[in-house]
Amino acid sequence: SDHMENIYGYLMKYTNLVTGWQYRFFVLNNDAGLLEYFVNEQSRHLKPRGTLQLAGAVISPSDEDSHTFTVNAASGEQYKLRATDAKERQHWVSRLQICTQHHTEAIGKNNPPLKSRSFSLASQGSASSPGVQRRPSQNAVSFFTVGHHRLSTGKRVPIMQPDHLVDVREMMSQAEGQQRDLIRSIECLPVSGHLTSLDQDLLMLKATSMATMNCLNDCFHILQLQHASQQKGSLPAGTTINWLEPKISLANHFKNGAAQNFPAEINKPASVREEQSVAEPCQLTREPEEINPDEELEDICDDKEDDLGAVEEQRSVILHLLSQLKLGMDLTRVVLPTFILEKRSLLEMYADFMSHPDLFIAITNGTTPEERMIRFVEYYLTSFHEGRKGAIAKKPYNPIIGETFHCSWRMPKSDVATDAASNSSAHSASEQVTLLKDLEGQKELDYYTVKFVAEQVSHHPPVSGFYAECAERKMCVNAHVWTKSKFLGMSIGVTMVGEGLLSLLEHGEEYTFSLPCAYARSILTVPWVELGGKVNINCVKTGYSASINFHTKPFYGGKLHRVTGEVKQNMTNTVVCRVQGEWNSVLEFTYSNGETKYVDLTKLSVTRKRVRPLEKQGPFESRRLWQHVTESLRDGDIDKATEHKRALEERQRNEERLRAETETPWCTKYFLKEGDGWVYHKPLWKTVSAVQTQQTDTN
């Protein structure tokens, strides 16, 4: 009874990436089985800001550090909390677990399981003779029905005895057999005709039927624990209820669904053993490394993504994955099958958005604030086409924490759009040359260099920082992005949380911008990518802003990949430019003077990035880090690629565990945390400011 006392106090609660951690006053109400929180202790008499039912909840100390823990309610809601130290965390966790167990057992005793339930799954006969005629009113769901015996109201159902559990197990075994017959019947349908084995409804039926059987097995496991609780009076101390792995062997359902067997450690390739080894923290330098662009060579890698054939062959794996997902489920921690991966890291994908450096450099050449804003919008809208490779919606590698990617572009100055008045900007031509020599330490060249660096600064949540600069034109862009993936049924949505900042130092202007959401559509047939959502670009100094809408395709009619937007002067609310078209095809810009400009993205020249050879890259640089996975994917060896990928992921988990045990914080290499964002450690605006200060002191 001493342990069932109400406790209260301040804890930190994680809200989101933008807001971060906030102090909140928490109260554990043991009598009601509730965890409540308030803004502060003074508002305790008011309505709680949030409440969690603890019955059926799971209390989990985090392996991130010794202070954090999570409360996962049966409703699916989650609180991520942090105590001041390990002792206080243990105090809260133990009290919450006791309260949770007490109220979970109370529900089990007051709501015993149903006495009987019968299943009637009508399969479609033998595999050789499906014999189904589909009528307009008939859909695939009518292939089987589930019936329930109604219980008479007002009567208490007797506690289920062990022999009843045996009966349930027998009925479930029969249901599993009938479900296998159903799957075989669907798979033996012809591939063409009125009703085929690739019918959208039937494919979904295969996935949902497996999910149903997995859920029933989980429920049966809980029934067994519930019965043990009723027999003994309570669950044994320390007992936890875990969701089980699927009981149905995938090999019994799908042709290529057999579990992958990997060789023993001694038989693994040296590359895999190397990936699995845990590097000591002292062996890895986190000091920033200056990359010499002269060491970088023009990229000759041209990985074409597989066509639909590869996706068709792995359809059963996709179905198995879908059967284990729920609508709205966060996919951040879900391990996706290897065959859907692109042959590049997410960090390199961000670099590919810079494949038109001529348009990027041309922004600062605009003679007026209006022109510079319009040029930025033009560059922004043309960046997504090259960022996506291939028509298939494949996914880049999830970067490992500490992973980096470096590259650069060389752009002949004659290829960059200029204006006659561009030399009369913030600095004179002589001042620009002086600054350039101080920054680069070399004579003026006939090309511009754009440098790029990206780093994975956080694993949970997955946050990437990237930075690009053109020192000759005194312009740079800094951004941080948190990718949040969610399962949406027949598609997957990726929200890009974060913000970018473009700095034009010659003009003293800063442009903030956001990124659209991305969607992988038709993941059971021909998966494709579309962008959606509203993004804003804003320059406070000039008062110009842009609003861009990426339109998702309506269910009926409408165009794919449509985008519209407008640039306006905020003070006068005057629209100075409108844009419409498709972000991967043709864009139409209409200016306030009546002129119209068309940009065909399919005909824009792409400047190849320059990357250091693998042998000169560090062990945590993207291409070297993922080289064995990439090589296996190129060879079409999915099993080997999966083995290398698992080795990298296991190494990351081991390193996280080691840091948690030793309470060693992760140190980033190139980006520093500033407020809610991440900033490159040596941005151009600091370098230019330092050079100008030095010149002033000299004069």
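Biologist: How many bridges join E18 to strand E19 (residues 544-551)?

Modeller: This is a predicted model, in which local features need pLDDT (the predictor's confidence in each residue, from 0 to 100) of at least 70, side-chain atom pairs count only at pLDDT 80 or more, and totals for chains, interfaces and linings use all residues. Residues are numbered from 1 along each chain as its sequence is written, while side-chain values use heavy atoms and leave out hydrogens and water. Strands (E, at least two residues) and helices (H or I, at least four) are DSSP runs, numbered from the N terminus, and two strands pair if DSSP finds at least two bridges between them. E18 and E19 run antiparallel, and the number of bridges joining them is seven.

Biologist: Which residue takes a positive phi in the hairpin of E18 and E19?

Modeller: This hairpin has four residues between its strands. The phi in question is near 80°, and the residue is glycine 543.

Biologist: What is the bridge partner of isoleucine 537 in E19?

Modeller: Isoleucine 537 lies in E18, where it also stands opposite phenylalanine 513. E18 (residues 528-539) pairs with E16 in the antiparallel sense over two bridges. On the E19 side, the partner of isoleucine 537 is alanine 546.

Biologist: Which residue in E18 is the bridge partner of cysteine 517?

Modeller: Strand E17 (residues 517-521) runs antiparallel to E18, joined by five bridges. Cysteine 517 has as its partner in E18 glycine 532.

Biologist: How many salt bridges does the count come to?

Modeller: A salt bridge is a side-chain nitrogen of Lys or Arg within 4 Å of a carboxyl oxygen of Asp or Glu. By this rule the count is 20.

Biologist: How many residues apart are glutamate 289 and arginine 612?

Modeller: Their side chains form a salt bridge at 3.4 Å, N to O. Glutamate 289 sits in the loop between helix H4 (270-276) and strand E8 (297-298), and arginine 612 in the loop between strand E24 (610-611) and helix H11 (622-625), so the pair links distant parts of the chain, with a separation in residues of 323.

Biologist: Which of glutamate 289 and arginine 612 counts as buried?

Modeller: Buried means under 20% relative accessible area, exposed over 50%, and partly exposed in between (1.4 Å probe, protein chains only). Glutamate 289 is partly exposed because its relative accessible area is 33%. With a relative accessibility of 6%, the buried partner is arginine 612.

Biologist: What is the N to O distance between aspartate 352 and arginine 344?

Modeller: Both aspartate 352 and arginine 344 are buried. Their side chains meet in a salt bridge, with an N to O distance of 2.5 Å.

Biologist: Which residues do salt bridges with shared partners join into one network?

Modeller: Glutamate 506 and arginine 473 meet in a salt bridge at 2.9 Å, N to O, and both are buried. The network joined by shared partners comprises Asp299, Arg344, Glu348, Asp352, Lys609 and Arg623.

Biologist: Which residues of helix H12 (residues 627-634) are buried?

Modeller: H12 is followed by glycine 636, which has a positive phi near 75°. Within the helix, the buried residues are His628, Val629, Thr630, Ser632 and Leu633.

Biologist: Which element of the chain has the lowest mean pLDDT?

Modeller: The chain averages a pLDDT of 75, and 68% of the residues score at least 70. Over residues 420-438 pLDDT stays under 50, and the model has 25 contacts there beyond four places in sequence, a contact being heavy atoms within 4.5 Å. The highest mean among the elements is 95, in E16, and the lowest is 46, in helix H10.
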